[in-house]
Amino acid sequence: MTISDNVLNADGALIVGAGLAGLFCALKLAPRPVTVISPKPLGYGASSAWAQGGVAAAVGEGDTPHAHAVDTEIAGAGIVDGDEAESVAAEAAARIEDLARWGTPFDRDGLGHYVLSKEAAHSRNRVVRVQGDRAGHAIMQAMIAQVRQTPSIRIVEGLTVVDLARADGRIIGVFARKLGDRYAEPILVRARATVLAAGGLGGLYAVTTNPPGVRGHAMGMAARAGALIADPEFVQFHPTAIATGADPAPLATEALRGEGAILVNELGERFMPAVHKDAELAPRDIVARANYRQIRAGHRVFIDTRQALGARILTTFPTVAKYCTDFGIDPVTQPIPVTPAAHYHMGGVKVDERGRTSLPGLWAAGECSSTGLHGANRLASNSLLEAVVYGARIAADISGLEPLRAPLPPFAGIEWNEAEGEAVEERLRNLQAVQELRRVMTDLVGVERNATDLRVALRSIAELETTAAGVTRSFLNMTTSATLVAAGALAREESRGGHFRTDFPEPRPEWAHHTEMTLETALEIRAAA
Ligand SMILES: Cc1cc2nc3c(=O)[nH]c(=O)nc-3n(C[C@H](O)[C@H](O)[C@H](O)COP(=O)(O)OP(=O)(O)OC[C@H]3O[C@@H](n4cnc5c(N)ncnc54)[C@H](O)[C@@H]3O)c2cc1C
């Protein structure tokens, strides 16, 4: 097919998104043909490349997958699927070996054993890392090199998916736009198996650590196609994004606190010991709320690494150190200003243990999916793990359905153009409707929530959806995801994990279960708000 027909055939499986979930799934599918769609060149636009901590896996002496699963369940605040946690933790070591075999230069000691970091709510050192805080970048560089030399993988850069294509009750591919083709009819890309791996929704919030393109598109388009969504209300706010006013806000990894860094306000007062017995190593949601409350009370919050790390921050945490110096902060002599920021989405498109969604023909992997592993609050460094475990499971499931065929020729006429790409991103960032939506989410559906604010948020989202000039399908995917998060948050009249309601500040036993929601239900909640 030629592009002028507005229809392309993937001739095999199609993967939407080129973060770790998408690329790992593509590599695991080899030699079966697969097409991977990425709005940007590989390595750009994906949270995966920005991960600092690493991948959680029970590969240290004395550690066990069961201990990892138990920590995962405790962090998840009562609604982690226990079997899921056990099985993911059990597969971790094999997937780490895959990553290493494909070229990831994990930190190792003189005996060749992994160097393991300690992160909050892990009962022991369990996070495999690269050069201290460069895990995401290094893993992605290794996977990209591997993908580029795998003939069965066709990469299409400069294409953004706006809708899933349905026929006879099945997903038969996607509708996608070429870079800059805002008003042209989208292209239909047909596929027998479609894997959604287009990331989370942090960018729906005004203050976020996620790359600009990660704005809930995946969950939004799946919900609009009728997919069942799970736990949309559970958004994790990272307590320590560096507060420089930059959008997105650079991250100061949790591993800094693992190394002994403390949180103080502008008066030099350390406040975490009074909040939780584990002080700065309390679960993320508790630290995020403590920081949020300091800021609401008119204080500024800083992470102070001076005593714990001193000049060692420059070599042990080069990424954080560089972010600081870029913004005129000397982390060796100055505390680093921080703020909570939308970081990770525990909810998403509901999948079973094979990664199958409720829609035939559609699988979902990585942050856009909801597997039941994270419950109400993700254990640090479990998300890259989930991305590779499910990338592999989905590839195995699809391989059983797909015949082996010859490698695929490139799609002609679609390519990335840097100048145009930057212009599109800038235009999107500055669109008033997008800015308003992100402000509504941060102010009214953020770290602390209540029924009044959530109702206002739902009405505002509905209004933006109907009145925003030039509403595109992309924007509709964003407002759809925002609606699901706010509707889930309004429905859940309790506090649990990442979801905190000031009007229901305690967990309630009758709510100790997942939320399952279709867009139809979310829209009913919105209409009644
Ligand atoms: C700063 C930061 C640090 C983190 N540190 C860690 C860590 O140390 N350990 C850990 O386990 N987790 C960490 N996380 C979380 C983890 O990085 C993510 O959950 C994980 O990388 C998600 O992988 P993914 O493949 O699902 O999505 P992503 O890596 O976000 O990739 C999504 C892909 O989908 C593409 N895409 C988006 N929209 C569309 C569309 N409409 N059409 C087509 N493609 C689309 C994007 O361009 C991108 O290629 C961190 C996250 C951030 C932001």
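In this predicted model, the axes of α5 and helix α15 (residues 473-491) come within 7 Å and cross at roughly 90°. The two helices are therefore roughly perpendicular. On the α5 side, the contact is made by His217, Met219, Gly220, Met221, Ala223 and Arg224. These residues meet Arg473, Ser474, Leu476, Asn477, Met478, Thr480, Ser481, Leu484 and Val485 in α15. By class, seven residues of this contact are nonpolar, six are polar and two are charged.

A second helix pair has another geometry. Helix α13 (residues 432-444) and helix α14 (residues 451-467) have axes that come within 10 Å. Their crossing angle is roughly 170°. Angles over 145 degrees count as roughly antiparallel, so α13 and α14 are roughly antiparallel to each other. From α13, the contact draws on Ala433, Glu436, Leu437, Val440, Met441, Asp443 and Leu444. From α14 come Asp453, Leu454, Val456, Ala457, Ser460, Ile461 and Leu464. The contact of α13 with α14 has 10 nonpolar residues, one polar residue and three charged residues.

The ligand has 36 residues around it. Those that come nearest are Ser48, Gly53, Gly54, Glu367 and Ser383. Ser48 contributes through its side chain, where an N or O atom is 2.5 Å from an oxygen atom of the ligand. Two other residues approach ligand nitrogen through the backbone. In Val161, a backbone N or O atom lies 2.9 Å from a nitrogen atom of the ligand. For Gln52, the corresponding backbone distance to a nitrogen atom of the ligand is 3.4 Å. On its own, the ligand has 1,000 Å² of accessible area, and the protein covers 97% of that area.

Several elements give two or more residues to the shell around the ligand. They are α1 (20-29), β8 (159-167), α5 (217-224), β16 (336-345) and α11 (382-399). The largest share, three residues, comes from α11. Helix α5 thus appears both in this shell and in the contact with α15. Sorted by class, the shell residues comprise 16 nonpolar, 18 polar and two charged.

The chain ahead of α5 includes Ala206, which lies in the loop between β11 (193-196) and α5. Ala206 and Met221 are 15 residues apart along the chain. Their C-alpha atoms are separated by 21 Å. Met221 belongs to α5 and takes part in the contact with α15. Ala206 has contacts elsewhere. With its neighbours within four places in sequence left aside, Ala206 is in contact with Asp247, Arg438, Arg439 and Thr442.

Asp247 also takes part in a cis peptide bond, which joins it to Pro248 with omega about -5°. Pro248 lies in the loop between β13 (235-242) and α6 (255-258). Another cis peptide bond runs from Ala30 to Pro31, with omega near 5°. Pro31 is located in the loop between α1 and β3 (34-38). Helix α1 is also among the elements that give two or more residues to the ligand shell.

One further backbone feature concerns Asp168. Its phi is near 50°, a positive value in a residue other than glycine. Asp168 lies in the loop between β8 and β9 (170-178). Strand β8 likewise gives two or more residues to the shell around the ligand.

Technical notes
Residues numbered from 1 in each chain as written. Predicted model: local features only at pLDDT ≥ 70, side-chain atom pairs only at ≥ 80, totals over all residues. Heavy atoms only, no water. Near = heavy atom within 4 Å. Polar contact = N/O pair within 3.5 Å; in protein donor to acceptor, adjacent residues only side chain to side chain. Areas by Shrake-Rupley, 256 points an atom, 1.4 Å probe, with all protein chains shown as cover. Helix = DSSP H or I, 4+ residues; strand = E, 2+ residues; numbered from the N terminus. Nonpolar A, V, L, I, M, F, W, Y, C, P; charged D, E, K, R; others polar. Axes fitted to C-alpha atoms, helices over the stretch in contact; angles between N-to-C directions. Parallel < 35°, antiparallel > 145°, perpendicular 65-115°, else oblique. Contact = heavy atoms within 4.5 Å.
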